[in-house]
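Please read the following report alongside the sequence and the model. It moves from single residues to the chain as a whole, and then to charges and backbone details.

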Amino acid sequence: MPKRSEEMLMDLWMSLLLVWITCVPCVSMTPIIGQSKSTQTGGSAVVASGLGEGQRLLSRAKRGWVWNQMFVLEEFSGPDPILVGRLHTDLDVGGKNIKYVLAGEGAGTIFAINELTGDIHAMKRLDREEKAEYTLTAQVVNADTDEPLEPPSEFIIKVQDINDNPPQFIEGPYRASVPEMSAVGTPVTRVTATDADDPVYGNSAKLVYSILEGQPYFSIDPNSATIKVALHGMDREMREEYLVVIQAKDMGGHMGGLSGTTTVTVTLTDVNDNPPKFSKSLYEFVIPEDLPVGKMGGKVKANDRDIGENSKSTYSIVEGDDQNMFEIITDSQTQEGILRLKKPLDYESKRAYTLKVEATNIRSEPSSGGPFKDTATVKIVVEDSDEPPVFSKPMYLLEVNENAPINTVIGTVTARDPDSTGSFVRYFIDRHTDLERQFNINVEDGKITLAKPLDRETDMWHNITVTATEVRNHSQISRAIVAIRVMDINDNAPEFATEYEAFLCENGKSGQVIQTVSAVDKDDPIQGHNFDYRLVPEMLNNPNFTIRKNLDNSISVLAKHDTFRRQKQEMYFLPIIVTDNGNPPMSSTNTLTIRVCGCSKDGIVQSCNVEAYVLPIGLSMGALIAILNLIMLLVLTENPLTKNEPLIIKDDEDVRENIIRYDDEGGGEEDTEAFDIATLQNPDGINGYLGFAGF
């Protein structure tokens, strides 16, 4: 501290000497006879002159220095105000009643002027870093009237800098990183210090950087403040973090300069320079043979001294798994190798496995010669377990004809106990899959038989579940699905696809297609359906209709003439026999109903109702009933499978009501013009015409 005080005192005296040399000679102003003048720029001073007795008038001479700048040393403190400078005017001679006035920045507060002498003093301690210069004006006025005697003159007081501010690291402390194993001279970071002192005056703000702590690992450029790696082979796995203390010193680093420090925490970032390493060279696991596929059988772990992505590894089986029984995957959270089962184990066929597993780094550094890897041996011992029976197939497909008799053997399922002890097996049908108990199974040999008749048209497939149970241990159960397909036989006759009702126009043309008819069959022959259509024998030579075969397994019904009339006959019934191509062939008789209708000229049906008319006299009810019975007998004879209800005639009144069309409003008992009741009751009339029996 004494040495530092001496240096500051010397700097102070040097500054005062400089101020005295530059300021004191240029503050004197001498009066001119008759008037006073102020230099406009302060660039020259006046030379003292006077008019003495017997003397000649002297001319004004310009001096070579500048008076309009004054200097004051910052941070100066003493018992008395410090003299900054002195103002003097040529008017200040003899007993002139004048005074000096100071105005501008800090006038009256920081700077004060002696009104009589013009001496300017600094009243306060000044700090250049707070304000470097002050602009003021000086003027000479009449002491009594304050009337200006000269124009104001402007001048500047500059605060002279001293080295009173140490360097500061505004952005510190710092953190930086550099990859481990970096070469010597690799830049790490750059620090910056600032100094509030005047960078122009002296060396107060000239900084030099150095390392106080952190050697021999790092160095710093004294001028640019760039920190660099100084030691070769810095390994993150040995030491990851370093604390470096940096000093910035002003005065160019010379003695007496002020200094400031900061810290830089340097972290070595990881590079992949370490291989994975298994914690053991040999792993042994015992796995039960009934371990489900996909479940874990064991874990291995390869450790890596690197961190992050550089420490991650993948695992693989490189030897010993010729049967592809195992797989190994990587747990992304723990970085362990998980050994899993890909196929079921069988203690009876193989009881031990020896695998060679490998761990390989995911990432590799080109400079490190990777990828890095390591291997270990895994021995697996298969533990015997009491296994359930094993079916010869996971699923059985059986077939049976739909007309097969009861107790027909459909097929056989087999299962065995895979254990070396070999227990007997018993078979059962899961009745939840055979609620109607249509099948049975032999508990000893697994033969499946038919318990009830099957109809393919009702159910084509039957899926049942068969269980196999060990005799010694009933808890060991296996299941297999048995799919039973019911094979079709030709046991259904074809029939019309729908109940057709055709409409025939009275003005229709001969050969006109009245209706297209197709058939369906519940059976499903392998070769597909091929139907044969024909009219019943009694209708082969009928004068009204004929049929024509089409290429799409259907027929068209055609009219033979164009003289159909509703009053003559309103409705026709055309029986058609349909036969399939099964073995044996099946056939059925289906009746097409044809109604005669009134149509427009364009052939559009308008009305199929017959106007009210009376049956011609002579047709008795007995003849009508006889003809109807004959028709029904023929129909039933040709089509034994027809399920229509037989026509039941209750009495004569019902028949009469069904035949007579009476659409007019009745007139009571005296209305006898509409029909003749006697005619209806005559059983012997033979001249009537059967309106719906003509084929």
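A residue is called buried when its relative accessible area is under 20%, exposed when it is over 50%, and partly exposed in between, with a 1.4 Å probe and with protein chains only taken into account. By this definition Thr465 is buried, because its relative accessible area is 14%. The model is a predicted one, in which local features need pLDDT of at least 70 and side-chain atom pairs count only at pLDDT 80 or more, while totals for chains, interfaces and linings use all residues. Residues are numbered from 1 along each chain as its sequence is written, and side-chain values use heavy atoms, with hydrogens and water left out.

**The chain as a whole**

Helices (H or I, at least four residues) and strands (E, at least two) are DSSP runs numbered from the N terminus, and the chain has 4 helices and 40 strands. Of its 695 residues, 39% are buried. The accessible surface, computed by the Shrake-Rupley method with a 1.4 Å probe and, for residues, with only the protein chains shown as cover, comes to about 39,800 Å² for the chain, and carbon and sulfur atoms hold 52% of that area. A contact means heavy atoms within 4.5 Å; among the contacts in the chain with a separation of 6 or more, 67% are between residues 24 or more positions apart.

**Three residues in their surroundings**

Thr465 sits in strand 30, which covers residues 461–470. Leaving aside residues up to four places away in sequence, Thr465 touches Phe428, Ile429, Asp430, Thr433, Arg479 and Ala480.

Leu450 belongs to strand 29 (residues 447–450), and with a relative accessibility of 0% Leu450 counts as buried. When residues up to four places away in sequence are not counted, the residues that Leu450 touches include Ala404, Pro405, Ile406, Gln438 and Phe439. Ile410 is also in contact with Leu450; these two residues are 40 residues apart in sequence, and their C-alpha atoms are 6.9 Å apart in space.

Is Pro537, in contrast, buried or exposed? Pro537 is exposed, because its relative accessible area is 52%, and its place is the loop between strand 35 (532–535) and strand 36 (545–549). Pro537 and Ile577 are 40 residues apart along the chain, with 9.6 Å between their C-alpha atoms.

**Charged side chains**

A salt bridge is a side-chain nitrogen of Lys or Arg within 4 Å of a carboxyl oxygen of Asp or Glu, and by this rule the count comes to 20 salt bridges. Some of them are listed here.

| Salt bridge | Closest N to O |
|---|---|
| Asp270 and Arg236 | 3.1 Å |
| Arg431 and Asp434 | 2.7 Å |
| Arg595 and Glu570 | 3.6 Å |

Asp270 and Arg236 form a salt bridge. The pair links distant parts of the chain, 34 residues apart, with Asp270 in the loop between strand 14 (259–269) and strand 15 (277–278) and Arg236 in the loop between strand 12 (226–229) and strand 13 (241–249). Asp270 counts as buried at 15% relative accessibility, and Arg236 counts as buried at 8%. Arg236 and Asp270 are also linked with Glu237 and Glu240 in a network of salt bridges.

In the pair of Arg431 and Asp434, Arg431 is partly exposed at 24% relative accessibility, whereas Asp434 is buried at 3%.

Which residues gather in a patch of negative charge on the surface? They are Asp290, Glu383, Asp384 and Asp386. Such patches are made of residues with over 30% relative accessible area and no salt bridge, where like charges are joined within 9 Å and nonpolar side chains (Val, Leu, Ile, Met, Phe, Trp, Tyr) within 5 Å. Asp384 lies in the loop between strand 22 (373–383) and strand 23 (390–391) and is partly exposed, with a relative accessible area of 36%.

**Backbone details**

The peptide bond between Gln215 and Pro216 is cis, with omega about 5°, and Pro216 is placed in the loop between strand 10 (208–213) and strand 11 (218–220). Another cis peptide bond runs from Asn583 to Pro584, with omega near 0°, and Pro584 is found in the loop between strand 38 and strand 39.

Gln335, a residue other than glycine, has a positive phi near 60°; Gln335 lies in the loop between strand 19 (326–330) and strand 20 (336–341) and is buried, with a relative accessible area of 15%.

Note on methods. Lys, Arg positive; Asp, Glu negative; His and termini not counted. Charge placed at Lys NZ, Arg CZ, Asp CG, Glu CD.
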